Amino acid sequence: MAAKSIISRPIYGTLSPQPGKHHLFIADAEGALAITDLAAKAPAGFFGDAHIIFIPGPDGKHVATLEALKPAQFYQGYSFASALPRLKQTLANAHMGLRLYLAGTEGLIGQAMQTALEAGIDHTSMQTEHRGSLARRMQCVHCKGITENVTTQPATCSHCGLLLLVRDHYSRRLAAFQGVCINAEDRSEIPPMEEIFR
Amino acid sequence: MSTGTTKLDVVVSDVVPVNDLVTRFHFRRRDGELLPTFSGGAHVVVEMRDGERTRLNPYSLMGSPLNTSEYTISVRRDDVGRGGSLFMHRSVKPGLEMVISYPVNLFSLDLRAKKHLMLAGGIGITPFMAQTAQLAAEGGNFELHYTCRTASLGTYADTLRERYDRRVRLYHDDRDERIELERVLSSQPLGTHLYVCGPSGMIGWVRDRAAALGWPSETVHFEHFAAPQPGAPFDVTLAVTGKTIRVDEQQSLLEAIEAAGVDPPYLCRGGVCGQCETNVISHDGKFIHNDHWLSEEDHRSGCKIMPCVSRFEGRSLVLER
Amino acid sequence: MGITFRKETFRDDFSFKNSPEHIRRFPFPFHEDSYMYAVNIEPHVVGPKGSVLENLIDVDEHYVAEMQDRALVLAEDPLRCQSLPHMTLAGWDLLELLMEQQALGYPEHFTLTREGDHWRWINRPLGIDDTFTFGDVSTLPYGPMEYITRQSQGDFCILDQRDGNLWMDAGMVTTQADWSLDFDIGMNFFEWHAPVPLAHEKGIFIRALKFLTNIQQGKPARRLNWTMTINPRLDTSPENYHKWGPDRTTVTPENVGDKVHLRVELQSFWRLPRSNGIVFPIRCYLIKMDELVTQPKWARRLHRVIRDLPEELATYKGLTRYRPTLVEWLSKLDDGSATSPGFGPD
């Protein structure tokens with residue numbers, strides 16, 4: 001779990017069944033277990049109106065478990081990028097009454113939320129549950145490039161190469177934490193790099 | 001850090017009976033200048049000087065926000081209320097000088113919405129008159145469902161149909177026409193916002209159904225100004241100013257406090273905005289809470305009251321005013 | 001009559017200076033000898049002649065130079081000016097507000113003529129004379145917010161009000177004290193203030209939000225905020241932190257008076273009529289230590305404030321590196337005598 005932090009750092013909850021006409025799940029890797037935990041609490045027939053978009057981890061686990069829930073639609077993607085066109089199409093054709101459930105890594109939750117925000121869903125109405133890696137998506141405030149899967153503090157920007165302090169300040173619009181040059185005032189100061197986001 | 005609004009000196013420029021129950025009032029500035037710009041859904045508080053008594057009632061602005069040469073409000077006559085609407089209908093004539101507040105909007109459009117779905121009941125149509133005018137001017141996407149008792153009491157129904165054609169659906173109680181709420185709520189594109197204004201029963205029904213059908217609360221907007229209800233007179237001690245006052249049968253607690261020369265801040269006078277929230281120091285008796293501002297817990301605890309719409313029955317009440 | 005606009009820079013050779021009249025009108029932000037956060041909000045009403053509050057939107061001798069600096073920043077980084085799609089109406093509200101206020105306060109420099117929605121705007125200092133249709137974006141060279149804020153001193157954040165909160169959904173931000181519009185756009189009031197230390201625990205933001213969401217049309221409010229900047233840079237953005245950050249290592253006892261600047265923000269809050277949003281102009285005033293200490297009361301008081309500032313605040317404001325040098329320099333101007341209450345010089 002993420003440690004206590006500043007107010008802009010996202011807080012994730014526990015998925016629970018919401019009233020609604022349709023239920024759209026987007027999950028990666030261990031996020032599948034958040035869906036099965038929800039299924040244990042869901043009323044009969046709940047998955048009859050559900051669509052699950054799942055991106056398994058490298059081990060390929062949990063696909064059969066999710067299929068066993070018998071959702072109306074099930075999609076297995078190779079990456080978030082490969083699932084994105086389908087997600088956008090689903091949201092563009094959806095009606096009010098669709099509920100959104102996001103589960104898994106912070107990067108997956110953040111990017112799916114970003115797409116849903118653009119489709120007109122308010123972030124407070126989305127259910128989220130964090131499972132798995134705490135690796136961060138980070139935007140370099142200087143060059144604006146996004147570095148994926150940041151696990152160290154500080155971290156090097158994969159675009160401009162500046163050494164960045166990974167802040168807890170988070171933007172839903174960018175689906176990223178903010179990285180700010182850690183030795184801007186005196187570049188000869190090189191703090192040790194520690195692996196802390198796992 | 002006192003809040004509250006600035007006042008506008010206006011003159012009644014026209015009084016137009018709309019139907020058996022509703023009359024429209026037009027106001028212009030006494031100095032001939034333009035009135036302040038407003039946004040659809042805004043209201044003004046109208047000061048009514050009726051002999052010894054001053055009443056202040058909120059009314060939605062129903063003209064187009066694009067035209068600020070005049071403000072218009074529509075007042076439905078309430079024969080059993082505290083007399084504010086009767087005063088407007090009987091005593092307000094063209095040429096009368098009145099004082100109104102600056103516009104305040106507690107029922108604002110969410111401009112992010114991909115579509116605006118509006119549900120009106122009876123006189124609840126008035127804020128939608130301004131909101132539809134605003135949206136139409138910007139090419140906004142909206143749909144209005146309007147329920148009224150009979151065609152002859154369908155205030156502005158013809159005007160709306162003429163302006164917006166099939167974007168307006170009418171339902172008449174006397175013809176047993178009912179909105180198919182479930183179908184309407186289930187067929188809206190993602191990103192739609194819902195606005196409802198009308199009798200409290202209708203607002204409650206629509207909110208319940210919307211929640212059950214999966215509309216998140218941020219997408220459901222409603223406006224229900226509670227009118228202050230008449231009731232048995234009661235006495236109140238104002239601890240800060242050291243005054244003891246009597247609240248008459250036809251007077252609100254807020255009006256009685258103001259009549260004693262104490263001026264709590266206010267914006268809506270309808271139990272919505274929270275400005276006049278007042279702490280209770282002690283009480284022996286029962287509160288009659290009519291506001292939409294305090295939590296149920298606040299209501300139960302007896303520590304707070306909204307003097308604009310709520311009353312008291314019992315032996316003693318001491319307020320921090 | 002009218003203002004004599006200075007030719008000066010906020011970068012490279014840093015030729016920015018205040019005239020003696022502008023030193024006296026500087027909005028010194030400390031009314032007592034110590035500083036802590038408070039909800040220091042008051043009605044934004046017109047103040048004394050010769051003060052920065054003489055007009056509700058202040059235009060001063062730095063106007064032309066500041067607008068030139070803004071144009072340079074935007075050419076380098078267009079992301080400093082952004083407006084989410086639902087905020088265009090609020091942009092028109094802001095255009096109306098700034099044109100009306102500038103024309104009202106400085107008729108010799110600005111003229112607004114309105115005939116229905118047919119408007120003509122003359123800005124003499126910048127040599128602009130445009131006619132356009134109010135509400136029609138195709139009749140202006142930029143969106144309404146960008147158009148008018150390229151001609152108005154200070155940063156501008158436009159906040160959308162919904163669900164009992166304020167959302168930073170548009171802004172022109174080129175003279176900021178180390179925060180990024182591009183990163184913060186779309187955040188609510190608590191989120192964009194998240195990095196501020198101490199104030200959340202004190203409940204400052206909860207009370208401030210309650211006040212701000214109730215701001216009424218025609219009744220703006222204001223507060224002062226402050227920090228310090230090395231060299232008279234308007235653009236101290238996080239985007240360029242790696243460019244201006246090294247300035248902080250250059251302060252020596254010999255150059256404190258010239259390099260160290262007090263940076264005061266006059267923040268005001270206005271309800272916008274058509275959009276029901278709030279605009280939050282953040283007007284930045286800079287004064288170098290040599291100029292500030294010409295007022296002995298300010299010198300004594302600033303010494304005490306900086307010396308006693310809690311460590312968290314000093315860190316947040318980026319003073320850590322040069323605070324000892326600055327305090328030592330200011331201490332020589334503090335004879336320990338009492339300071340009179342209030343902001344103004346004696």
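1. Two strands are taken as paired if DSSP finds at least two bridges between them. The points below concern a predicted model and use that criterion for strand pairing.

2. Chain B: strand β13 (residues 234-238) and strand β17 (residues 311-319) run parallel and are joined by two bridges. Within this pair, B:L238 has B:L319 of β17(B) as its bridge partner.

3. Both of these strands belong to an open sheet of five strands in chain B, with the order β14-β13-β17-β15-β16. Pairing in this sheet is mixed. At the edges stand β14 (243-247) and β16 (304-305) of chain B, each of which pairs on one side only.

4. Chain C: strand β8 (residues 221-230) runs antiparallel to strand β1 (residues 42-43), to which two bridges join it. In this pairing C:E42 is opposite C:R222 of β8(C).

5. β8(C) also pairs with strand β9 (residues 260-271) of chain C, again in the antiparallel sense, and here there are ten bridges. The residue opposite C:W226 is C:V264 of β9(C). As a reminder for reading such strands, side chains in a regular strand alternate between the two faces of the sheet.

6. Chain A, annotation: according to an unreviewed UniProt entry, residues 5-125 of chain A are covered by "domain: Dimethylamine monooxygenase subunit DmmA-like N-terminal". In the model, helix makes up 35% and strand 20% of residues 5-125 of chain A. The C-alpha atoms at the two ends of that stretch are 22 Å apart.

7. Chain A, domains: the domain assignment splits chain A into domain 1 (22-130) and domain 2 (136-195). A distance of 29 Å separates the C-alpha centres of domain 1 and domain 2 of chain A.

8. Where the two domains of chain A meet, eight residues of domain 1 are in contact with six residues of domain 2. The side of domain 1 of chain A that touches domain 2 of chain A consists, by class, of two nonpolar, five polar and one charged residues.

9. Chain A, a single site: A:A68 sits in the loop between α2 (63-67) and β3 (73-76) of chain A. Is A:A68 buried or exposed? A:A68 has 11 other C-beta atoms within 10 Å, and a residue counts as exposed at 12 or fewer, so A:A68 is exposed. A:A68 and A:T36 are separated by 32 residues in sequence, and their C-alpha atoms are 9.8 Å apart in space.

Terms used. Residues are numbered from 1 along each chain as its sequence is written. Chains are lettered from A and ligands numbered from 1 in the order in which they are written. This is a predicted model: local features need pLDDT of at least 70, side-chain atom pairs count only at pLDDT 80 or more; totals for chains, interfaces and linings use all residues. Helices (H or I, at least four residues) and strands (E, at least two) are DSSP runs, numbered from the N terminus. UniProt positions are given in the numbering used here, feature names are shortened, and annotations may be inferred rather than shown by experiment. A residue is buried if 20 or more other C-beta atoms lie within 10 Å of its own, exposed if 12 or fewer, and partly exposed in between; C-beta atoms are placed from the backbone. Domain bounds come from an automatic or database domain assignment. Two residues are in contact if their C-beta atoms, placed from the backbone, lie within 7 Å. Ala, Val, Leu, Ile, Met, Phe, Trp, Tyr, Cys and Pro count as nonpolar, Asp, Glu, Lys and Arg as charged, and the others, Gly among them, as polar.
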